[in-house]
Each structure stands twice: as C-alpha cells, then as structure tokens.
Amino acid sequence: MEIVDALLQGQRGRRLLWEFAIASEEESLPEYSQHPLHEAMYYASTKIDDLQRQRRASADPIIGTVQVWAQKLAESLERTELFDMKPHLLQEALENSVDSAMYWQPPYGQEIVLASPILRVQLERIAKHIAASKQIDYWFDPLDVATQHRVNFDPTGIVDPATDKKRTGLESLIAWKDHVLRTEARDARENQSRPLGNFSGVWWSAPNMYLEETCGQFSDGQPIGLSCVEDGFGWEKATTTMVDIPRSAQVLEISSAEQWVKLCQDHGIEVTAQKRHDWYRVTGRDGAWVIPDWLAVARNYDGVHLSIGAYLALAGECLSVDAKFATLIAGWDPDKTYWFIDDVRESEHSQDWKCLDAHSNDAHWVIDEDSSR
C-alpha cells in the first residue's frame, strides 16, 4: 500500500493530515494571533453539524456548505507552511485521529468536509510531505514479533477478581461467535418493525471478546496501544508488559481492503440486524452487513494484525463485499494484533505509566517514576 494513497483514501488518514496541518499552523504563528485554518474548520464543521441535526429532507444545503467551506480551507492550506517532521507531531496527529473515530453516529462535520474533492490537492501535498520524511514507513510494516506489548489499563487501581478469569483462545472464539449469533437472532426478532431505529448496539467488528491483544511501539519505544484507543475511557494509569511471541506464529496481515473483503467472502457471518442502525448512521448505507467469522479464520492463523497504515486507510470505510453485503472495520485500534493461540507469554519487562492532563487535549502518557514496581 502506497503511503500517500493510504493517507488520502481513508477518513482516519485524512484526519491525520488535517491534524498535522493544524500543528504546522500553530508552530508557525504566534500563540495569540489568528489561526485561519483552525477558525475556518470550526465554522465549517459547526455549520455542517447543525444542518445534520436539523435532518432536512434535502441534502443540498449540506452539499453547498461543504463546497463553500472546502474552497476556503483549500485556500488557507495552500498558504500554510508545513512544519519540519518531528515524531511527536506525527504521533499526536495519529492520536487525535484515532480519538475522533466514532462508528455509532454520523461523521463529524470535519470528516465530511475533509472528504471533499476540492481539498484533494492540498491534502495530497501534506501526505507527500509526511511520506518524504520516511518517519512513518514503519507504520506500514507487518507485525514485529520482537516489540510486542500487552497494555493493561487500570482506572481504579483495583482489579475485579471476576475480570481475571482466563479463557483459552478457542473458548474465547466460541463464546464470541455464540454471542454474535444470539445477538443477531434477538435483534432480528425485536427490530422487525424499526429497521433503522434511533438506537445503538454492538458497533465493532474486531474479535475483541477475551482474546489476547498486543501492540507494537512508536519509534521512541512507547507502546502504541497506550494512546491510540478507539472509544477510550480516559484511563489515567496503565502497565505495559513485553510479551514473547512464538517465532512460528502464523499471523494474518490486514493491509488492504481486498484482504478484509476476501475474509468476509470466504468466512463471513451476517450481522445486519445488530449493526444496521449504527453503521447506517456512519456510512449512509441501508443494506445487509457481514464481518469475518474469526472462529473460522483461526483454523488457518494464530493471530490477525492491522497495521497503523492499514488502519488509516480502511477504518470506518464502507467496503463492498458483493451485490448484497458490505462490511466495516470498526473498533480496531491501529497496530493491534488479536491472538487466537494461548502461548503468548509475558516477559519480565513491565513498565508503569500515568497519563498527564488525562481529560484535556494535552493528554499524554509518561513513565510513572513514583510507581512502587
């Protein structure tokens, strides 16, 4: 997957490009001066969000508003000097993009205007600027088994014994599939009279029920799963532990839309009744939905990995499977691997972390030097 194309094709990638542009503007202008990019996007997104809430019968007002503000943003972007590459700016742009991912409601005004073809040229300029630095090349790499971390968030400092019960990978997958089938049957019965009702359900498509999860690390060594979490809970403490992955592990790499679609074609499980309401609001598509049957996938693989680059290109995108079904990658954090096997072992290397300014836009994780570990 080409880096520039990946950053441009997905809503998460486009949001990262925008966040980098905002950071460049902030670096180049005095703190208390006007920030044209930030201000233009504020007014554009506010107007678009207001029109969406009004639920007008015609989409014309939204289309016209997007065109007007996209042109203004394109002009401002053209005048914006792109800042020199710094790893922390790229990391912050990624974190902000992940944090804004929501697959149970219509996209924000920012996402809608950033998808406008009018902005393509300027967003491509930013993507090429980032790609030329070579600093995110590793975001597109396959799984690095030597740098895998388990992240344990602990918002209270107390572990509930009930959450400490361990299932095998096979037991977890059987439980996951049973839950999906039961939920689909229940929602199909209960929602017959309101196929597009204003209510929510299980909106994710990742196999995240009791399975082992690991993540890689940024260039500075910080585990990616600390700060890049879709629909996070504002955790303030965490412990990360290096894990030993068997060298013989067969890992399925999700690096393109075609690979995800092929999974759904070969091992699909229908989830229309339980996903239709949420995913209609996200994509505007009213139809049948399918996700991979992870129990079936596990017959041939020990784990499945979604790189940062693939996440930026694919997460939240409506992917056509065939004439009837479509699918969505949702609730899957960048560079996360789900393991179907049981022999993923913790090493002796653990690190405690704390999140500073946890409930603000300046939230960031640092090593907890005061920990008793």
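These are my notebook entries on cysteines, two helix pairs and one tryptophan in a predicted model.

**Entry 1: cysteines**

I started with the sulfurs, as one does at the bench. How many disulfides does the structure hold? I found zero. C215 is in no disulfide, and the nearest cysteine sulfur to its own, that of C228, is 9.1 Å away. For a disulfide I needed two cysteine sulfur atoms within 2.5 Å, so C215 and C228 do not qualify.

I then looked up C318. Why is C318 not bonded to C264? The C264 sulfur is the closest cysteine sulfur to that of C318, but the two are 11 Å apart, which is too far for a bond.

Next I asked about surroundings: are C215 and C318 buried or exposed? C215 has 4% relative accessibility, so I noted C215 as buried. C318 comes out at 37%, so I put C318 down as partly exposed.

**Entry 2: helices α4 and α7**

I moved on to helix α4, residues 60–79, and helix α7, residues 120–132. Their axes come within 9 Å and cross at roughly 35°. I noted the crossing of α4 past α7 as left-handed. Which residues make the contact? From α4 I listed A74, L77 and E78, and from α7 I listed Q122, R125 and I126. Sorted by class, this contact has three nonpolar residues, one polar residue and two charged ones.

**Entry 3: helices α8 and α11**

My second pair was helix α8, residues 169–190, with helix α11, residues 272–283. I read an angle of about 70° between them, with the axes 7 Å apart. Angles from 65 to 115 degrees count as roughly perpendicular, and α8 and α11 therefore earn that label. On the α8 side, V180, T183, E184, D187 and A188 make the contact. On the α11 side I found T272, A273 and Q274. By class I wrote down three nonpolar, three polar and two charged residues for this contact.

**Entry 4: W294**

Last, I visited W294, which lies in helix α12, residues 294–297. Is W294 buried or exposed? The relative accessibility is 0%, so W294 counts as buried.

I also checked what W294 touches, leaving out residues up to four places away in sequence. The list includes the tryptophans W176, W260 and W332, along with F340, P207 and S205. L173, L263, V304 and A206 are also on it. A206 sits 88 residues from W294 along the chain, yet I found their C-alpha atoms separated by 8.9 Å.

Notes. Residues numbered from 1 in each chain as written. Predicted model: local features only at pLDDT ≥ 70, side-chain atom pairs only at ≥ 80, totals over all residues. Heavy atoms only, no water. Buried < 20%, exposed > 50% of the residue type's maximum accessible area, 1.4 Å probe, protein only. Axes fitted to C-alpha atoms, helices over the stretch in contact; angles between N-to-C directions. Helix = DSSP H or I, 4+ residues; strand = E, 2+ residues; numbered from the N terminus. Left-handed = near helix turned anticlockwise from the far one by under 90°. Contact = heavy atoms within 4.5 Å. Nonpolar A, V, L, I, M, F, W, Y, C, P; charged D, E, K, R; others polar. Parallel < 35°, antiparallel > 145°, perpendicular 65-115°, else oblique.
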